[in-house]
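Got the viewer open? Let's walk through this one stop at a time, selecting as we go.

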Amino acid sequence: MTHTDVAGAKAKVLVIAGSTRPTRICREVTEWVIAHLPSAPGLDLELVDLRDWHLPFDEATIPALGQYQHDHTRAWSAKVGGAAGFIFVTPQYNWGYPAALKNALDHLYREWTGKPAMIVSYGFQGGEKAAGQLRQVLDGLRMRTAATMPALTLPVEMRTEGAGVEAALLSFAAAVPSLEAAFAEFQNLFEAAT
Ligand SMILES: Cc1cc2nc3c(=O)[nH]c(=O)nc-3n(C[C@H](O)[C@H](O)[C@H](O)COP(=O)(O)O)c2cc1C
């Protein structure tokens with residue numbers, strides 16, 4: 001059996017854009033990642049933009065209990081709980097990953113546990129420290145994360161000359177083999193689960 005179920009339905013994978021700041025490039029980077037993943041007939045990829053989710057972290061009980069009082073938490077729970085796996089696309093901020101992404105993770109618990117994950121980072125040095133920190137948190141959530149974590153390096157012109165996101169997307173071509181390797185590992189995690 002593959003990651004499609006017996007009825008042949010595709011497994012839903014949420015590709016989560018981890019940055020929400022007004023001038024972010026995360027949306028374009030996430031779209032680039034989706035466009036450069038090899039075709040996977042058994043998976044149904046959906047971009048999830050954390051900007052679209054109201055997550056004020058206002059529940060009274062710890063998320064692991066699943067006793068959500070607020071509709072916004074229930075909606076996020078249904079979204080994440082309905083997915084079979086996750087690809088996180090995260091920038092590096094001060095050697096870590098964005099607070100918005102940590103907040104989105106910490107709203108829930110059981111909805112994440114046991115599921116396959118893949119991490120793609122980006123930054124002027126590729127964002128490997130952010131990826132490492134996120135990996136540790138996903139381990140804490142008992143997720144099964146692909147060992148390869150593609151790191152997309154932003155071109156120096158973005159810092160020195162204010163070059164736009166187009167320059168970044170062009171420079172990411174070197175990371176495509178790593179992206180393909182990570183995605184193959186990610187797909188294997190679905191196979192292992194069946
Ligand atoms: C608060 C902040 C901290 C940053 N820290 C780092 C860093 O530690 N390492 C790095 O390579 N880039 C760092 N950068 C550069 C970001 O990786 C780069 O600006 C990227 O475009 C941020 O993603 P976003 O535009 O989608 O938010 C930082 C950017 C911000 C806004």
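Before the first selection, one definition: a residue counts as near a molecule if its C-beta atom, placed from the backbone, lies within 6 Å of it. And keep in mind throughout that this is a predicted model.

**Stop 1: the ligand**

Select the ligand and whatever surrounds it. You should pick up 14 residues, and the closest are S19, R24, C26, P91 and G123. Colour that shell by class and you'll get six nonpolar, six polar and two charged residues.

**Stop 2: strand β3**

Keep P91 in view, since β3 (85–91) is the next thing to select. How many of the residues of β3 are buried? Seven of its seven are, so to speak, under cover. Turn the strand and look at each side. In general, the side chains of a regular strand alternate between the two faces of the sheet. Here G85, I87, V89 and P91 sit on one side, F86, F88 and T90 sit on the other, and both sets are buried.

Now add the strands that pair with β3. Strand β1 (residues 11–17) runs parallel to β3, with five bridges between the two. Zoom in on L14 and you'll find it opposite F86 in β3. Then select strand β4 (residues 116–123), which is also parallel to β3 and is joined to it by six bridges. The pair to click there is I87 and M118, which stand opposite each other.

**Stop 3: on to β1 and β2**

Go back to β1. Five of its seven residues are buried. Strand β2 (residues 43–49) pairs with β1 in the parallel sense over seven bridges. Click V13 and look across to L45, its bridge partner in β2.

Stay on L45 for a moment. Is L45 buried or partly exposed? It is partly exposed, because 13 to 19 neighbours would put a residue in that middle class, and L45 has 16 other C-beta atoms within 10 Å. Apart from residues within four places in sequence, L45 is in contact with V13, V15 and I34. For a sense of scale, draw a distance from L45 to H70: the two are 25 residues apart along the chain, and their C-alpha atoms are separated by 27 Å.

**Stop 4: the nonpolar core**

Nonpolar side chains in soluble globular proteins tend to be buried together. To see that here, select V33, I87, F88, V89, M118, I119 and V120. Of the 48 residues in the largest nonpolar core, these touch the most other members. Pick I119 and show its surroundings: leaving out neighbours within four places in sequence, I119 touches F88, T90, A131, L134, R135, T145 and M149.

**Stop 5: helix α3**

Next, select helix α3 (residues 99–106) and highlight its buried residues, A100, L101, A104 and L105. Why do they end up on the same side of α3? They cover an arc of only 135 degrees around the axis. The general background is that an α-helix has 3.6 residues a turn, so residues three or four places apart point the same way. What do the buried residues of α3 pack against? Show β3 and α4 (128–140) and you have both partners.

**Stop 6: helix α2**

Helix α2 covers residues 71–81. Its buried residues are T73, W76 and V80. Look down the axis of α2 and these fall within an arc of 65 degrees, so they line one face of the helix. Flip to the face turned away from the buried side, and you'll meet the exposed residues D71 and A78.

Click T73. It counts as buried because it has 21 C-beta neighbours inside 10 Å. Not counting residues up to four places away in sequence, T73 touches E59, Y68 and H107. Now draw a line from T73 to G96: C-alpha to C-alpha they are 25 Å apart, with their positions 23 residues apart in sequence.

**Stop 7: two unusual backbones**

Most residues other than glycine have a negative phi. Select W95 in the loop between β3 and α3: its phi is positive, about 70 degrees, although W95 is not a glycine. W95 is partly exposed, with 13 other C-beta atoms within 10 Å.

Finish in the loop between α4 and β5 (144–145), where R142 sits. R142 also has a positive phi, near 60 degrees, and is a residue other than glycine. R142 counts as exposed, with 12 C-beta neighbours inside 10 Å.

How values were computed
Residues numbered from 1 in each chain as written. Predicted model: local features only at pLDDT ≥ 70, side-chain atom pairs only at ≥ 80, totals over all residues. Nonpolar A, V, L, I, M, F, W, Y, C, P; charged D, E, K, R; others polar. Buried ≥ 20, exposed ≤ 12 C-beta atoms within 10 Å, placed from the backbone. Helix = DSSP H or I, 4+ residues; strand = E, 2+ residues; numbered from the N terminus. Arc of directions from axis to C-beta. Contact = placed C-beta atoms within 7 Å. Core = buried A, V, L, I, M, F, W, Y, C linked by C-beta atoms within 7 Å. Pairing = 2+ DSSP bridges.
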